[in-house]
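Here is a short tour of one protein model and its metal ions. Have the coordinates open while you read.

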Amino acid sequence: MTKQISVNSRSYRLPSVPTIIVCIDGSEQEYINQAIQAGKTPFLAELPTFGSVLTGDCVLPSFTNPNNLSIVTGAPPSVHGICGNFFYDQEAKQEVLMNDAKYLRAPTIFAELARAGQRVAVVTAKDKLRSLLGHQLKGIRFSAEHADQVTLEENGIENILERVGMPLPSVYSAELSEFVFAAGLSLLTKERPDVMYLSTTDYVQHKYAPGTPQANDFYAMMDGYFKRYHDAGAVLAITADHGMNAKTDSIGRPNIVFLQDLLDVKYGAQVARVLLPITDPYVKHHGSLGSYATIYLNDGDRLCDVTNFLKGIEGVETVLTRSEASERFELPKDRIGDLVLIGERLTVLGSTPDNHDLSGLTVPLRSHGGVSEQRVPLIFNRKVVDLDPARRLRNFDIIDIALNHLSQ
Ligand code: ZN
Ligand code: ZN
């Protein structure tokens with residue numbers, strides 16, 4: 001009889017060979033397409049002959065934390081509770097950082113696999129994700145960013161910097177993600193975990209469009225590691241937390257709707273509070289600008305009026321009330337504002353010009369957060385079997401497919 005575990009109302013078979021789940025941060029599908037066309041990724045080019053390439057939807061907002069948490073819990077934000085980097089605590093009257101594991105409302109599949117006796121390893125690029133993803137996990141868990149500080153007690157491993165043989169990478173670099181894959185290979189060779197989760201950063205995708213030499217080189221680097229994992233006999237399942245699009249006009253100027261400014265001019269200050277849940281400690285490459293915003297109103301009577309005003313703003317694609325948004329996007333009602341706004345594909349939603357430092361933007365703005373960045377790849381180095389063709393695939397189905405729906 002196959003052994004299985006149940007997590008967040010879904011069941012997962014225990015893996016029979018090492019299974020590696022990869023989340024390529026910000027991997028708009030066009031990146032892989034272009035890298036294949038340029039001949040830079042021979043493994044991915046060959047993969048359809050023995051594997052499967054599918055497409056699915058990520059969760060909204062199409063940001064890093066909500067989606068990484070969805071992938072590792074197999075559930076939407078309404079279940080796990082993480083719907084951005086920030087929410088507004090209306091009782092405490094302050095913006096609260098949601099990077100702490102205490103805000104997580106569901107167990108991760110990895111923690112449960114470890115409890116079932118599986119050897120689990122989680123490697124992230126940035127350290128902010130490590131504490132959330134490694135929550136209550138008995139296993140190896142560390143970030144490339146803090147690879148120089150790992151201890152057996154905190155991270156389940158030591159001397160990883162020496163083992164990988166790369167210098168500690170900068171948090172704003174392609175090497176930060178490369179370190180994740182190199183560490184993954186070292187773990188696969190030595191500890192041979194039953195399940196491993198590798199999560200990169202979208203530094204490259206924020207800076208470089210699909211098909212550019214820098215983007216192609218980044219995908220070539222990953223392709224080399226994918227081939228080595230494959231050759232080592234691992235099951236490989238690759239997805240993305242969200243896509244990525246240019247957010248500019250035709251000559252590269254950012255298209256920004258400064259919502260707080262517009263609302264203050266129209267209704268006066270203190271009526272509406274704009275919160276941008278993309279805001280995080282690492283803003284250099286996007287200036288805290290994404291295509292998603294949530295708005296808290298101090299005067300509930302103005303809901304209709306404000307909604308209509310926002311719907312009329314060019315670049316705003318969708319305006320939803322709290323209950324509409326929580327239903328359509330499976331969001332936790334208590335951690336979103338009275339309104340949820342989605343920007344059009346080429347537009348980002350900002351607060352006021354003073355709140356966004358664009359000095360770090362050395363190239364035309366590329367970002368995410370909206371419905372336009374929802375389509376992501378689901379790629380496997382085995383054939384997918386027994387999957388209902390009518391099913392709407394999500395990036396958080398990746399572990400289900402990897403453990404339950406691949407040919408042996
Ligand atoms: Zn991301
Ligand atoms: Zn990003």
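## Ground rules and a covered helix

A residue is called buried when its relative accessible area is under 20%. Keep in mind that this is a predicted model.

With that cut-off, look at helix 3, residues 64–73: it is mostly covered, with 10 of its 10 residues buried. The list runs Thr64, Asn65, Pro66, Asn67, Asn68, Leu69, Ser70, Ile71, Val72 and Thr73. Right after helix 3 comes Gly74, which has a positive phi, near 70°.

## Zinc ion, ligand 1

Thr64, one of the buried residues of helix 3, also turns up at a metal. The zinc ion (ligand 1) takes its protein donors from Asp25 (OD), Thr64 (OG1), Asp241 (OD) and His242 (NE2), at 1.9 to 2.1 Å. Along the chain, those donor residues follow the spacing D-x38-T-x176-D-H. Both Asp241 and His242 are buried.

What geometry does the site of the zinc ion (ligand 1) have? It is tetrahedral, with angles of 91 to 131° among the 4 donor atoms. For reference, the ideal angle for four tetrahedral donors is 109.5 degrees.

## Zinc ion, ligand 2

The other metal to look at is the zinc ion (ligand 2), which sits 4.3 Å from the zinc ion (ligand 1). Its protein donors are Asp202 (OD), His206 (NE2) and His368 (NE2), 2.0 to 2.1 Å away. In sequence, the donors of the zinc ion (ligand 2) are spaced D-x3-H-x161-H.

Why does the His206 and His368 pair tie together parts that are 162 residues apart in sequence? His206 belongs to helix 10 (residues 203–207), while His368 comes from the loop between strand 18 (366–367) and strand 19 (375–380), so the two link those separate stretches. Both side chains belong to buried residues: the relative accessible area is 2% for His206 and 3% for His368.

## The sheet

Strand 19 also takes part in an open sheet of 7 strands, ordered 4-19-10-3-9-7-8 with mixed pairing. Strand 4 (52–57) and strand 8 (140–143) are the edge strands, each pairing on one side only. From one strand to the next, the twist averages 15°.

Inside the sheet, strand 7 (residues 120–124) and strand 9 (residues 195–199) run parallel and are joined by 5 bridges. Within that pairing, Thr124 stands opposite Ser199 of strand 9. Helix 1 (residues 29–37) packs on the sheet, where it touches strand 4 and strand 19, and its direction makes about 55° with that of strand 19. Helix 9 (residues 174–190) packs on the sheet too: it touches strand 3 (19–24), strand 7, strand 8 and strand 9, with its direction at about 165° to that of strand 9.

## Asn395

One more spot worth a look is Asn395, found in the loop between strand 19 and helix 15 (398–404). Is Asn395 buried or exposed? Asn395 is buried, with a relative accessible area of 0%.

The side chain of Asn395 reaches the backbone oxygen of Ala240 at 3.1 Å. Leaving out residues up to four places away in sequence, Asn395 touches Asp57, Cys58, Val59, Asn67, Ile71, Thr239, Ala240, Asp241, Val376 and Leu378. Two of these contacts lead back to earlier sections: Asn67 and Ile71 are among the buried residues of helix 3, and Asp241 is one of the donors of the zinc ion (ligand 1).

Notes:
Residues are numbered from 1 along each chain as its sequence is written. Chains are lettered from A and ligands numbered from 1 in the order in which they are written. This is a predicted model: local features need pLDDT of at least 70, side-chain atom pairs count only at pLDDT 80 or more; totals for chains, interfaces and linings use all residues. Side-chain values use heavy atoms; hydrogens and water are left out. Donors are N, O and S atoms within 2.8 Å of the metal (3.2 Å for Na, K and Ca); water is not among the atoms, so sites may look incomplete. Helices (H or I, at least four residues) and strands (E, at least two) are DSSP runs, numbered from the N terminus. Buried means under 20% relative accessible area, exposed over 50%, partly exposed in between (1.4 Å probe, protein chains only). Four donors count as tetrahedral if all angles lie between 85 and 135 degrees; four count as square planar and six as octahedral if opposite donors are over 155 degrees apart and all others between 65 and 115; anything else is irregular. Two strands pair if DSSP finds at least two bridges between them. Axes are lines fitted to C-alpha atoms, for helices over the stretch in contact, and angles run from 0 to 180 degrees between N-to-C directions. Contact means heavy atoms within 4.5 Å. A polar contact is a pair of N or O atoms within 3.5 Å; within protein, one must be able to donate a hydrogen and the other to accept it, and residues adjacent in sequence count only if both atoms are side-chain atoms.
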